[in-house]
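The following paragraphs consider a ligand, the residues around it, and the pockets of the protein. Please keep the model in view while reading.

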Amino acid sequence: MTHTPRRIVFATNNPHKLDEIRSIVGDSFEILSLKEIGCDEDIPETGSTLDENSHIKARYVKTRYGYDCFADDTGLEVEALDGDPGVRSARYAPGIGHDSQANMELLLRNMAGKDDRRARFRTVITLITDAGEQQVEGIVEGHIARTPSGEGGFGYDPVFVPVGEERSFALMSAAEKNAISHRGRAVAALLPLLNNL
Ligand code: IMP
């Protein structure tokens with residue numbers, strides 16, 4: 001007996017995130033990107049927390065396009081900077097667009113002379129279906145290195161060293177990072193919710 005996979009939208013066009021979620025979820029769901037449902041707007045992220053922004057994105061898709069949907073939002077929360085860059089992680093350095101190098105340099109400048117280097121990545125995922133709304137989160141604790149290392153990953157990976165490791169995320173393989181990362185953990189928490197739909 002063949003069975004049609006249920007369709008659900010992941011509110012992103014990031015190919016890495018789409019590949020990652022598709023490989024974890026398997027073939028019980030057909031995961032559609034924003035582009036695949038004809039959404040090419042830049043969904044406004046006007047919230048002041050990760051929870052709000054992931055909710056805004058999922059709600060936008062559910063309301064305008066009708067699809068069941070989940071959306072993520074991630075931030076790097078640094079203890080000595082009162083939780084910054086947090087919800088502003090993608091656009092921490094002033095200027096137009098998302099410049100990872102400039103963001104990382106600003107972070108290292110703001111951390112100069114600070115001995116408390118504890119930090120965490122936190123991902124919040126909001127799932128909205130006809131049955132209602134649910135949120136899950138994934139956290140990885142670690143610290144901010146004094147200098148960047150590694151070529152892998154993206155964003156702040158060269159300066160983030162997870163607890164129990166000496167290597168930055170940028171020195172790990174994708175599989176090593178996914179096994180312990182904020183997003184990997186949030187997706188692991190999402191999976192039982194999807195399987196219960
Ligand atoms: P987003 O919500 O997934 O788009 O993440 C917001 C910002 O957080 C990104 O633009 C990156 O600067 C940073 N970020 C998110 N996830 C990671 C990661 O796994 N490694 C390094 N930086 C990340």
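A polar contact is a pair of N or O atoms within 3.5 Å. With that cut-off in hand, the ligand can be examined in this structure, which is a predicted model. A polar side-chain atom of His182 lies 3.0 Å from an oxygen atom of the ligand, so this pair falls within the cut-off. The protein buries 87% of the 480 Å² that the ligand exposes when taken alone.

Two further pairs involve the ligand. A nitrogen atom of the ligand is found 2.6 Å from an N or O atom in the side chain of Asp157. At Thr74 the partner belongs to the backbone: a polar backbone atom of this residue is 2.9 Å from an oxygen atom of the ligand.

These three residues belong to a wider shell. There are 13 residues around the ligand, and those that come nearest are Lys17, Thr74, Asp157, Lys177 and His182. Sorted by class, the shell comprises five charged, four polar and four nonpolar residues. Two elements, strand E3 (69-78) and helix H5 (182-195), each provide at least two residues of this shell.

Where does the ligand sit? Its place is in the largest pocket. That pocket holds about 1100 Å³ of space. Its lining consists of 32 residues, of which Lys17, Glu45, Asp73, Ala90 and His98 are the closest to its centre. Lys17 thus appears both among the residues that come nearest to the ligand and among those closest to the centre of the largest pocket.

Which element gives the most to this lining? Strand E3 does, with five residues. At least two residues each come from E3, helix H3 (100-110) and H5. E3 and H5 therefore contribute at least two residues apiece to the shell around the ligand as well as to the lining of the largest pocket. By class, this lining is made up of 11 charged, 11 polar and 10 nonpolar residues.

The second largest pocket contains about 370 Å³ of space. Among the 16 residues that line it, His16, Glu20, Gly153, Phe154 and Lys177 are the closest to its centre. Helix H1 (15-25) and helix H4 (174-180) are the elements that give two or more residues to this lining. In terms of class, the lining of the second largest pocket has seven polar, five charged and four nonpolar residues. Lys177 connects the two parts of this account, being listed among the residues that come nearest to the ligand and among those closest to the centre of the second largest pocket.

Key:
Residues numbered from 1 in each chain as written. Predicted model: local features only at pLDDT ≥ 70, side-chain atom pairs only at ≥ 80, totals over all residues. Heavy atoms only, no water. Near = heavy atom within 4 Å. Polar contact = N/O pair within 3.5 Å; in protein donor to acceptor, adjacent residues only side chain to side chain. Areas by Shrake-Rupley, 256 points an atom, 1.4 Å probe, with all protein chains shown as cover. 1 Å grid on protein atoms, 1.4 Å probe; cavity = no way out; pocket = protein on both sides within 12 Å on 5 of 7 lines; lining within 4 Å. Sits in = over half its atoms within 2 Å of the grid points. Helix = DSSP H or I, 4+ residues; strand = E, 2+ residues; numbered from the N terminus. Nonpolar A, V, L, I, M, F, W, Y, C, P; charged D, E, K, R; others polar. Points joined across faces, edges and corners; volume = space filled by probe spheres on them.
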